[in-house]
Amino acid sequence: MRRFCVTLVFLGLALAGGAVPRLAAQGKEAKATRLPGDARWETPAWLDDFRVVSVAYDPARRQVTWTLEASRKAEAWRYRAHFYDPDFLEMTPPLKVALTPALAEYPKGSRLQATLKVPGKDVLQEVNRVVIEKDGRVTPR
């Protein structure tokens, strides 16, 4: 009976449009760009000026790097990451997001790296939401 039920489940998935291969492909893609912890990562600060080209996480350095592309001429801002627990309490002080190259203005189409050093596993296991926000304009020197 158990074998019959398992067969029906796979048959149902196959009839539903080949969902099994898509799920496997999604899992592989998600694993390649997996961010640390189980938190939802939000980057509303970049929506107006930048498009996120790619995201990478280096566990040895505990560092997340976004590759951004300016969707229009964009002024430079300082950015901070906020780590929140399920009760929306901030788990750490806001952490700085570093931009490379650090310019006062980014021409349309230019690419840059936004890098964030994340807190340790003890904090990340409690975090369920990470939000990147603008923290003020960069003042030219």
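**Close-up 1. Surroundings of A102 in the predicted model.** A102 counts as exposed because its relative accessibility is 68%, and the cut-off for that class is over 50%. The residue sits in the loop that runs between β6 (95–100) and β7 (105–106). L112 lies ten residues from A102 in sequence. In space, the C-alpha atoms of A102 and L112 are 8.5 Å apart.

**Close-up 2. Surroundings of A76, between β4 and β5.** A76 is found in the loop that links β4 (74–75) to β5 (77–84). Its relative accessibility is 4%, so A76 counts as buried; the cut-off for buried is under 20%. A76 and A102 are both loop residues, but A76 is buried, whereas A102 is exposed.

**Close-up 3. The pair A76 and A104.** From C-alpha to C-alpha, A76 and A104 are 5.1 Å apart. Along the sequence, 28 residues separate A76 from A104. For the chain as a whole, 63% of the contacts between residues at least 6 apart in sequence join residues at least 24 apart.

**Overview. The chain from which the close-ups are taken has 141 residues.** Its secondary structure consists of three helices and nine strands. In sequence order, these elements follow the pattern α-α-β-β-β-β-β-β-β-β-α-β. Of the 141 residues, 33% are buried, A76 being one of the buried residues. The chain exposes about 9600 Å², and 56% of this area is supplied by carbon and sulfur atoms.

Technical notes. Residues are numbered from 1 along each chain as its sequence is written. This is a predicted model: local features need pLDDT of at least 70, side-chain atom pairs count only at pLDDT 80 or more; totals for chains, interfaces and linings use all residues. Side-chain values use heavy atoms; hydrogens and water are left out. Helices (H or I, at least four residues) and strands (E, at least two) are DSSP runs, numbered from the N terminus. Buried means under 20% relative accessible area, exposed over 50%, partly exposed in between (1.4 Å probe, protein chains only). Contact means heavy atoms within 4.5 Å. Accessible areas come from the Shrake-Rupley method with a 1.4 Å probe; for residues, only the protein chains shown count as cover.
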